[in-house]
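The following report looks at a nonpolar core, at a pair of packed helices and at the contact of two chains.

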Amino acid sequence: MFLPYSVINPLTLIEVERRLPRAGEVLVAEGEMVESFQLVAKTTEQPQFGIVNIARELHLSPQKVKSALKVKVGAQVSAGTILATRGMLGGRVSRAPFDGTITGYGHGRLLLEAPLVEVQLNALLPGRVVRIWAEKGVTVQTYGAFVQGVWGNNKEGYGVLQLAVRAPHQPLRARRLDASMQGAIIVGGTGLDAAVLAQAADMQVGGLIVGGVSAELLPELAAVDFPILITEGIGEIPLSAAAFTLLRDLAGREAVLSARLGTHWKTERPYVAVPMPAESARGVDSAAPLAIGSQVRALRAPLQGKTGVISELPLDKMELETGARLAGAYVDFDGEVDFVPFSNLERIL
Amino acid sequence: MHSGQILESILIADCGTVATKMLLLERVETSYRFIAQAEVPTTIGPPWEDVSVGVTYAIEEVEEITSRTLLAGGRLITPRDGLEGVDAFVVILSGTEPLHLVLAGLVKEMSLESARRAATGTYTVVDGVISREGSLRSPEEAWARAVRDLAPDAVLLVGGVDGGASRPVMELADAIALGTSLLPSAERPLLIYAGNVKLRSRITKLLGSLTEVEVVDNVRPAVGTEHLGPAHDLAEQIFLEKRLQKVSGIETLFGWSNFPPLSTATAFGRVVEYLWHREANVGRGVLGIDLGAASTTVMACFDGRLYSSVHGGRGIAYGPLAWVKEHGIAPLQRWLPEEMDEQRLLAFLHNRELYPATVPQEVSELWIEQAVVREMLRSALRIARPAWDIDADTLLYPGMMPYLDPILISGGGIVHLPRPGQALLAVLDGLEPIGITTMLLDVHRVAPALGAVAGIKPLAAASALSPETLVSLGTVISPVGRAAAGDTILSMKIQYDDGSELDVEAHYGELEVWPLLPGQLATVELKPHRRFDVGLGRRGKGGTIQVQGGLLGLVVDARGRPLRLPVDAEKRRKILRRWIWDVGG
């Protein structure tokens, strides 16, 4: 059976793509070793621009604007610079609304573009550059622990992993976050609330990891400036046993948290990675057949977020509570065995 | 290869957004039958990023089912070599990113509405609309910014009847030119011009030096005339070139096939067109609905003319969240037979996007799924319907559906519902058909694949479109009219082909189901109340019709048109539960 998969692995080969938001310049070479904070590529933001309608501001016909202009195309101007005038003292004046360069003229209007703002892309993970994406970015390869999530708030960060709950079913509480957690990536359990977000911002945490959050909080999660990784889904869902156990074992280690999500069509899986000083490790074997003993995760309620192992692969389709008859597997979720259709399972590699 | 050549076996790969289906069709004496079917996750996206990975897995499953060798060295054996391989391999695809469009035009209710309908000719999403309407202080800056910031695949510029005013359209074109010029040349959108014919050369001159310009017929050549065909066809062609042929791994599949890949919507449209010709129901159209994970396709055929409408980003998994942002949560909540708070509903929709290939395991989630089906169908129809050019015999009641027979239902969003009654009820609520309609369910989701086969071997497609493939849910009679709840609106005498008879009545507000097995025929004498039209051309007109059975039987949807749900939440939930019960859902 061919199933999708997520990686929750204590030591594996990790490859992550680092892509610029738009075409730019790659600063490293293939094969080069890079550090987390090292710049690997850069570009500029889309320049801000404005159309200054000189004809309208000076009450002139477009044909007469050219003679009123005080600047030329290509000129650099500051906010308030006079662009055109009409009449002498007491006449009308058109000024630049912001700093920038005049890049075009036509129909009585000037096009003003703001200075370019550079966007820098660092390696995020220490490792080796194994692929260059011309003008777009690089792929960095390293070894270490890797946990993929399902949702993120599109931020990135670093920090030491610290647990703030004793068990994955416990919600993350604001009172558990204190000054000792400044810069740390905090591992919670089942959800969080607005008070946690406020406290986390005050304590300047490096990031948060929880199993799930309520849908109403998502806009607030998107607004904070530190990364938040959701490992299982939306709702009050505990961190899976597999993810919680691994993150607990990794507590105290330096981790990288990428909560970048992409779009429906250009998906990026958010993740937390803990680089290890290993010299080799095998990548996950996505082609390995599903078998009794394979580790899996349930993707839909009522078992969403639970990880377990396949205990039986029945030949017949089984009936669900909904009346649907589907092929699937019996999964041992830590002593409790349930049937889950294949469509609601993914492998954990 | 041509249609006259003997093709013993045809393998079809249907690569959807979440599932890749593989079908093996073989000649059995003079007709063609499905021999095997496999379904695996689509691998266009991460972590695989290669559509051929899933296709190969699916072919391996077909090999396992049939104990035949189809692959050699990871490559499909074609043409067939003895008992190994297949004679033909066809790929249809919908699981790729839709084309991103910005629409630009003058009047929202006129040319822009036509542009929107033209854009639905294939897999597109409209990321933005720039319009002359509104009171922007600096509209050209806002328009240019929209083009620059959205950086769509194409801008569809419409506006102005042929020979009409030039200036407003040229102002839009100027702003589009500015927005385009601010993008790097590799990211500049294609400009499709489908407006006032007299501006073609000026538009081409203005934008041609900045980007590629395609000119097609005006979508609104006159105020009361809509002409979508050329813009439709161009959008489809661009989708094929910019998306379908650039899917990662597609070149591997090209190497196995002599046939160009098709979009799933095009293939599905062929089946709807074929059904119209096969059924030859005078005064009735044929409707096909394909509700997938990321899009809803509406294909309608009237008088032999096909109207296609593809709603990218409006599927069962991808789209409902964005739809809720636009319309609110209440339209979904109204279809739920049990109380459910907004947060739970939203969490469901988010998780459905995060895990688009999954199925409901709890009954409450199944209700939400069906509510989404209803609203996605209604939403798609609202856009599709105005483009149907229907004669007065077919469209008797403006604002309601025209007479349609049959309605073909396909796509995982509906076909995966556990019980046939649930599929029927969701479709009845979503489409609100009127009159007499046979409901065909594409249970194995093979209709688009057969549409693709029709392009190379029409006989194979026609013979495979059998009652085993398109399974009848039954015949539905949906009377049009209003009465008090419980009033008798239709009396029927059902004469079964074994000679037995049944005298029955349908009551207003109810869904009535009478037994009529698949393949069974019955003659039904209809005597509607004088205020009701049962599909025979006018109110009160009765008659005798032949109907065919199905998984549900003979159904009378006596709930009235348009369907009205009680405002009171508890009453509404009670009636929804009763209707679900009536159809065995």
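The largest nonpolar core, a set of buried Ala, Val, Leu, Ile, Met, Phe, Trp, Tyr and Cys residues joined through C-beta atoms within 7 Å, has 274 residues, and those with the most contacts inside it are L156(B), L157(B), I176(B), I192(B) and V453(B). Buried here describes a residue with 20 or more other C-beta atoms within 10 Å of its own, the C-beta atoms being placed from the backbone. The largest share of this core comes from α12(B), with 11 residues; helices are DSSP runs of H or I with at least four residues, strands are runs of E with at least two, and both are numbered from the N terminus. This is a predicted model, in which local features need pLDDT of at least 70 and side-chain atom pairs count only at pLDDT 80 or more, while totals for chains, interfaces and linings use all residues. Residues are numbered from 1 along each chain as its sequence is written, and chains are lettered from A in the order in which they are written.

The axes of α12(B) and α14(B), residues 420–431, come within 8 Å and cross at roughly 35°, where axes are lines fitted to C-alpha atoms over the stretch in contact and angles run from 0 to 180 degrees between N-to-C directions. Residues in contact have C-beta atoms within 7 Å, and the two helices meet as follows.

| Helix | Residues in the contact |
|---|---|
| α12(B) | Q370(B), V373(B), R374(B), L377(B), R378(B), L381(B) |
| α14(B) | Q422(B), A426(B), D429(B), G430(B), L431(B) |

The contact between chains takes 35 residues from chain B and 35 residues from chain A, and α11(B) gives the most to the chain B side, with 6 residues.

Conventions: A residue is buried if 20 or more other C-beta atoms lie within 10 Å of its own, exposed if 12 or fewer, and partly exposed in between; C-beta atoms are placed from the backbone.
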